[in-house]
Amino acid sequence: MSDVATRLAEIVGEQQVLTGDQISADYAGDEALTVPGQQPRFLARPGTAEEVAALLVAAAEHGVPVTARGSGTGLSGAARPRPDGLLVSFERMNAVLEVDTENHVAVVQPGVTLSELDARTAEAGLNYTVYPGEMSASVGGNVGANAGGMRAVKYGVTRHNVLGLQAALPTGELIRTGGKLTKISTGYDLTQLVIGSEGTLALATEVIVKLYPRPAHGVTVLAPFEDLNQVLAVVPRIISSGLAPHILEYIDNLTMAAMTYAADLRLGVPDEVRDASGAYLVVGLENRTAALLDGDVELLGTLLGDLGAAEVYVLEGNAARTLIEAREKAFWTAKSIGADDVIDVVVPRSEMAEFLASTRELALKAESGVLGCGHAGDGNVHLAVFQKDPDKRRALLHEIFAEGMAVGGAISGEHGIGNAKRDHFVELEDPAKLELLRRIKQAFDPAGILNPGVLLD
C-alpha cells in the first residue's frame, strides 16, 4: 500500500494525496440516507486531466478500485468509496474555462459548482438550466448521475444540456466526445453513454454545457386543489396550452405543511383554503417582457380556475424565491422530519395518478408512511418513505419500484441507482439489458476498477 501511495504522490504531488486517518469523514460518501459512509484507503486531488488519466493507470496496475467525487451531494450512494480504494476528488479542477457567447456554451472542469457556473454565465446574460435542487452540486457529479430538477419540464435534464466531454478512460486514454455542436450523427454517441454512468465507465475531466438566454421576467403561481388527482389532471392541459412553464410541480398537503414550517413560509393562503386543500400545483413562468408574462399569467389563472383550483396565488420577488428554494430543499425537509429513505421513481405523466394511488395502498399494507412531491411536468415522483424496519422498508420499496416499472416507468428519474438501489435494479430489470450493460462496462473498464458494485453487481 505504501508503494501505491508513493505512485499516486508522483502523479499529483505529495500534498494532494492523503491516506488513512488523514482523510476527513466528509469524503466517506454522499447524502443517500440508506448508504452508510466508509473511508477510502487513498484520496487523490488531481489538477489536470492528464493527472486523472495517470491515476487510473496506476490504480489498474495495482488493482485498486476508484471512485470519483464532485461535491458529494448525490442521493444514490454512488460517491461512497471502497475501503480498499482510491477516491479521486475533483475539488481542484474547478475552473470555468470559457463562456462562449457566440455558440452559447460554457466549457468547465468537473469540480465547478452550479452556483459558480451560474455566477459566471449571469455576467453574459446566459443561463445553464439544470438545477437539481442543490447549487453546491458539481457539474461533474451532475454528469455522472444525469441530474435533473424542476426545470426539466422545459429544458430537460443533464443529458439534454451537455454537448461534449473530455473523459479519462480507466485504461489511461483521454478522449473527446461531441463538441460545441447542436447536432451530431457520426458514430456511437459516447457523450450520452458516459452521462448517467455514475462513474463506472469513465471520468469526465471537462464538460461542454449548453446555455440559454437568461429570462428577464419570471413569476411563480401557486394553486391549491381539493386532491392530488385534480392537480395531476391539470398538468397536461397546461402543457398543451402552449404556456411552456419551466416549473410544474405537485406538492401534497403534508409535504407543503412541512416545507412551510421548516422555511417559515408566508404564502398568503387563508387557513380555510389550506385546510380544504389536499395538494398544490406550483407553476413557474418566464418571458422576455413583462407584458408577455402578464398575458401568460392571465391565461394560466383562467385555466386553473376552470379546472377546479380553489384559488390562484401569483407570487413574485422574495415569496416566489422562498417557495422554490423550499421545494428544491424538500429532501432536507424530509430528512429533518425523520424520513428513512427518499426515492425518485419516474413514470409516464399520464400514469402518475394511478401510480401514486398504488403507492399509498402499498404503504398502508406495509404499515408505513409515504408522502411527497414531484415534477408533475415530467412524471418524476419524489417520495419520502417512513419505515424504520430495514427489511419491511426494502420490501415496500421493491414493490413501489416494480409498480413504477409496470406502468412504463423506471426506478430512478434523476438520482441514479448507485449503491442504494442496485439490488432492486438488478432484480427487476430485463436480464438481456443487464448483460448488455455488463459488456459495455467490460469494454470501457477491462480491469473493473471504476466504481465496482455501483449500478451493477
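Contact here means heavy atoms within 4.5 Å. On that basis, among contacts in the chain between residues at least 6 apart in sequence, 75% join residues at least 24 apart. The model is predicted: local features need pLDDT of at least 70, side-chain atom pairs count only at pLDDT 80 or more, and totals for chains, interfaces and linings use all residues. Residues are numbered from 1 along each chain as its sequence is written, and side-chain values use heavy atoms, with hydrogens and water left out.

**Overall form**

The chain contains 17 helices and 18 strands; these are DSSP runs numbered from the N terminus, with helices being H or I of at least four residues and strands E of at least two. Its radius of gyration is 22 Å, close to the 23 Å that the globule rule gives for 457 residues, so the chain is as compact as a globular protein of that length. The radius is taken over C-alpha atoms, and the rule is 2.2 Å times the number of residues to the power 0.38. The C-alpha trace spans about 70 × 55 × 40 Å along its principal axes.

Of the 457 residues, 52% count as buried (under 20% relative accessible area, with exposed over 50% and partly exposed in between; 1.4 Å probe, protein chains only).

**Nonpolar cores**

A nonpolar core is a set of buried Ala, Val, Leu, Ile, Met, Phe, Trp, Tyr and Cys residues joined through side-chain atoms within 4.5 Å. The largest has 49 residues, of which Ile238, Tyr250, Leu281 and Leu304 touch the most other members. Helix 8 (residues 228–240) gives the largest share of this core, six residues. Another core, of 25 residues, lies apart from it and includes Val139, Leu201, Ala202 and Ala204.

Leaving aside neighbours within four places in sequence, Ile238 is in contact with Leu243, Pro245, Leu248, Leu281, Val283, Leu300, Leu303 and Leu304.

**Individual residues**

Thr333 is found in helix 13 (residues 330–336) and is buried, with a relative accessible area of 10%. Apart from neighbours within four places in sequence, Thr333 is in contact with Ala258, Met259 and Ala262.

Most residues other than glycine have a negative phi. The table gives two residues with a positive value.

| Residue | Phi | Loop |
|---|---|---|
| Asn146 | near 55° | between helix 4 (139–145) and helix 5 (152–155) |
| Asp264 | near 55° | between helix 9 (253–263) and helix 10 (271–276) |

Asn146 also counts as buried, at 11% relative accessibility.
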